[in-house]
Each structure stands twice: as C-alpha cells, then as structure tokens.
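Let's take a friendly look inside a protein model. Keep the picture at hand as you read.

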Amino acid sequence: MKAKLIMNPHPMTLRPTDTVATAADRILKHHLRHLPVVDEQGRYLGTFSVYSLLKLTLPKAVLDKHGLHNVSFVTENVEDLAQRLGGRRDEPVKNWLNIHEVAHPDTPAMEVMLLMLHGRTTSVPVVNKTSGRLEGIISFWDVLEKLIGENP
Amino acid sequence: MHGSSEAASAVLFGLNPMWVAAILFALTYVVVMTEKINRAIVSLLAAGLMIVLGILNQETAIRGIDFNTIGLLIGMMVIVAITRQSGIFQFLAIWATKKVDARPWGILVTISLVTAVTSALLDNVTTVLLVVPVTLLITEELKVKPYPYLFAMIFSSNIGGTATLIGDPPNIMIGSATGLTFNDFAYNLTPVVIAILAVTLIPIYFIWGRHLRATPEDCQRVMQFNEHDAITDRRLLKQCLLVIGLVVAGFVFARFLGLEAATVALTGAALLLLLANFGHDAEHQSKHVLEAFNEVEWITIFFFVGLFIVVHGVDGTGLLKLLADKMLALTGGDLTATAMVILWSSAILSAIIDNIPFVATMIPLIKAMAPTFGGPEGLLPLWWALALGACLGGNGTLIGASANLVVAGFAERAGQPIRFVQYTLIAFPIMLLSIVISMGYLYWRYL
C-alpha cells in the first residue's frame, strides 16, 4: 500500500506568518500533535508541533546541542514557564519549525512506518516530489486504522 | 599544493634541502591558515613529505616529536573528559553567581574568575564549553545581554591559561622543551596574569558593565538555583577532585620527584579511570574507558605530532638558526630588545595565526640564541616573553584561539552572534593593553 492511500489528504495547516498563539490554540482545541506549515503555493516548509511548544517554554540556553544536559538546579515553577511561553506568543511559527523527513505519495507503507520509528514522530508529511507541495499527512492513527481497523 | 610538492622533489636532487624544508614549512603554515583542509591532515601530510623527500628519516622524525607535550595533553584531556561528567563546572558557575547575589556586574566578575582559574588548571576549550551554557542560562533568566559575559569569558579563559604550565598549549610546549617546571611558570607568570585579569575588567566595566541592570525579581529567580543539584555524581566528583589534587601536587613536586609532566598527567588519568570504573563489569569498563578516550581531541594531538616533525625537519637544515641570527643582528644581541621583539611579534602573530605552530617554530629559534645570552639560563626572559605574547595574543581576534571560536559558536546558536570586526575593534586594543602590562613586568623583573 502506498502513502497516498493511507494519508489524510486534507490536513489542517499553518502559514509561516501565523503566530505561536494561533498554533497553540489549534493544537489544544483539536488535540493535534503536528501541524504542517505551508507557503502560499502549498509547499511544505516544516512542522510546528507540541515539541515546538515545549521548546518555546524552555530557556534558549538549555536547547543548545552542546548546552546543559542537567537543569535540575533550576527551580522555575509553572508560572515562570508560562510567562516565558506567553512572552513568545506573537512570534511567527516559522522560527520554530521542525523539518521532518517526508514521504512521497508513492512511498510504500513500510517505509512510512520506518520513518515514524526513526524520526520518533507520530506523523509523516506526504510531499509531492517535484512541486514540493504538501499532499497530505499520515498520522500513526491512520496507519493503525489500516492495520487493525480494517482487518478485524 | 600538489604542484609545489612536485617542484620540491625536483629541487631535492642536488639542491639545497634548506629550501625544500622551508617551502614545505611555509606551505604547511599557509594551508593551515586557509582552513580549507583539516589542520591534522595538513601537518601529518607535511611530516610525511619531510621524510619521503629525504629531509629526515623516520628515526630522526620520531625524535623530533615532543612526547612530553603529547602525553601531558592526552593525560589532561582524559582527566577533563571524566571530570566534566560530574557537573562541577555548572556548580562553580552557579556558586559564583550566588556569591554576588546574582547582580549582573558581580556575576561577570565572578564568572570571569571561575573561568580564569579553571582555564589555568584545565584546558581552555573545555572550560568555556562547560561554563558558557550555564552563563547563557543565567543571563537569559536575568534578561541581560550575554555579549559582555561571553567577551569577558574569552579573555579570562586565555588570560587564566597563561598563568600555569598546563594552562595553554604554548606553555606546555615551552615547559617541555626547556625543562621549566610548573612552579617556575606559577612563580614567574601568575603574578602578572592576576594583574592583567584585573586591568582587563576595567574597560569591560566602562564599555558594558556599568549599563548592566536586572530586576530584583529576575535576580531572585537566579538566587533560587540550587547549585548542589548541578552535581550529577557525587562519588565521581570526589574521585575527580582527589585525582586533580594529586596531579597538581605532582606538578608542584615534579622536580623533587624527578618526574616529567607527561608522567604525572598520564598516571593521574590512569588512576582516575581506575577509580571511576572500579567494581564495574568488563563490558561497562570498556564502554567508559572508550568514552573517555574518544573525548581526547585527536585532531589537536595529531596536529602536534605532524608539526613537531615539520619543525624538526626545518630546524635540522639550519634555517631556524639562520633566522635566529638575523633576529639577533636586528636587535644587536641586546636581551631587552630581543625580549620585546619576541613579546610583540608573538602577540600580534598569535592574534592572527594559530599560536601552536608559531610557538613550535619559536622554541628552536630561541634555543639557538643561547650562546649570545650566556647559555640556557640567560634565555629565561625570552621564554616568558614568548609565553605571554603567544597566550595573550590569542585574545586579539575571534580566530586567535580555539576557545574564542567555541564561545562564538554558542553565541551564534543563542542568536547573539559575536561579529569578527566588532569583536576585534574592542578586543585588539584590550589585548595590546595586556601586552603593555607584560612589557612593563618583563622589564621590571628580568631586564
């Protein structure tokens, strides 16, 4: 089975200029983990996810790849963290995208599942190879439905 | 490079080996400076060519390698690789911050002191690699610009490294080549280093320090950091502190014990590996020992190996003796003038080029001056001039020392880039100030 038969062809998307607040609203309201971000031509730019929100909540200094691996000495409470996230609510989402490995409409199902496993993500964007346009998104639930739901 | 080496091999048949060696040496410098090819590759390739072209044979080439320097570097790198896992560096930075009630200027001073002291005892790159992240976190919490802090850390790391035999590679090389001990370095360089660090903070205060402000709430949040939670492994920390204490004691009493620095450092490394792995099964041990060895900066080590061979090849042809004579002719064989030329030229060159090859070249060159100044004893002021110039000069530009580039990398990723020109405009004059102080010190104490 190919990716195009598993994917949700009408995923909810964001524009790069949408704010963090807008993205957070949608994530919370629809219980989504990943929102693909597309430009005006519908080309895939990256994904704003719950992990982007986690990053926005943390000090930049702890996100550096050579940075601090242990921050148990910091005694910030939830209000401090909320304040930091609140201070960044008007930033555009384009500053906080994750670039995931993408599938193409013809990518086989097994390859899609491997992308999920290796990328530690529960959703894989499906992107047209030549135009770079987002064709759909495959979530872990779409795959499970095909695996279990249709073969009772 | 390929074309030139072919030319050199043609020169070798019947022509002056001094020229072949000189061309190879100059090419090594130039290619290392362009940074197009990894410096370890360049120096090993040049060393190989020195042998293939017949300037040296393998036996003499190996004799040119200063294994005392190599052993000391590897030993300290292994010790640091294990120590960094304990969280001690973060502990020190937070402790220093809380000592001054998290006041922005106070933090800049105390973190600079922590950086200077740890850089004096351990490698500069590791020090900044571990202190910069926690400093960035503190400045972010205080909502102050990190730039002045990062600037001060570059300076304090290079200045602190100047203070001891093991603080900076130029000192390690000078100590190893001359037999000057840990105590000699501490006695002769530490006093001026303290003065330089203090004076360096003055312009930093006037340029940035007096404008640094943080709200009481933000300071309070940093004051609530619990430095003891930064320590990830108490048992390991105790072992590390014990071994570092023993190693420093070993350096202090090295002459008395009849030991060389590499023996002290490598034995210390082995002891720490033993303590940290004691009681664990074979598989666990292999994994941890391998991890520690992987942290050794093999690029630096192989760069040194190749470089020692290249410089030894050049030295053997008499070229460096010739240059030494030229320099002495220029200074009229006057010790004061020679020391000043060495101090200023090494400071300015080290700001632009890597100070490791520069010092590797200067060591045999200065040694060749011994007859003029009444034997090796008479050269002492020149060694201090070289150490001060080469170590402090590294502050002058962003590419002057590897620690500078590490700090710049963090700054870049934190979205607060340190620009080359902007840095140089302020750093170069402050570096020159430190050289003026060194000049006064050398003049007052030795000349």
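Below we visit empty spaces, a hairpin and some ring contacts.

## Before we start

This is a predicted model, where local features need pLDDT of at least 70, side-chain atom pairs count only at pLDDT 80 or more, and totals for chains, interfaces and linings use all residues. Residues are numbered from 1 along each chain as its sequence is written, chains are lettered from A and ligands numbered from 1 in the order in which they are written, and side-chain values use heavy atoms, leaving out hydrogens and water.

## Two cavities

Rolling a probe the size of a water molecule over the atoms shows where empty space is left. A cavity is a set of points, on a 1 Å grid over the protein atoms alone, where a 1.4 Å probe fits but cannot get out; its lining residues have an atom within 4 Å of a point. Grid points are joined across faces, edges and corners, and the volume is the space filled by probe spheres set on the points. The whole structure has 2 cavities of 30 Å³ or more.

The largest cavity holds about 50 Å³ of space, and its lining includes Phe25(B), Tyr29(B) and Pro357(B). The second largest holds about 40 Å³. Among the residues around that second space are Met76(B), Ile166(B) and Phe251(B), and helix 13 of chain B gives the largest share of its lining, 4 residues. Helices here are DSSP runs (H or I, at least four residues), as are strands (E, at least two), numbered from the N terminus.

## A hairpin in chain A

Strand 3 (residues 123-127) and strand 4 of chain A run antiparallel, joined by 5 bridges; two strands pair if DSSP finds at least two bridges between them. They form a hairpin with 6 residues in between, and Gly132(A) in the turn has a positive phi of about 75 degrees.

Is strand 4 of chain A largely enclosed or open? In strand 4 (residues 134-139) of chain A, 5 of the 6 residues are buried, so this strand is largely enclosed by the rest of the structure. Buried means under 20% relative accessible area, exposed over 50%, and partly exposed in between (1.4 Å probe, protein chains only).

## Rings that meet

Rings of Phe, Tyr and Trp (its six-membered ring) pair if their centres lie within 6.5 Å; planes under 30 degrees apart are stacked, over 60 edge-to-face, and the rest tilted. Over all chains there are 16 aromatic pairs. With ring centres 5.6 Å apart and planes at 65 degrees, Phe73(A) and Phe225(B) are edge-to-face. This pair crosses between chains, and both residues are buried.

Note on methods. On a 1 Å grid over the protein atoms alone, a cavity is a set of points where a 1.4 Å probe fits but cannot get out, and a pocket is an open set with protein on both sides within 12 Å along at least five of seven lines; lining residues have an atom within 4 Å of a point.
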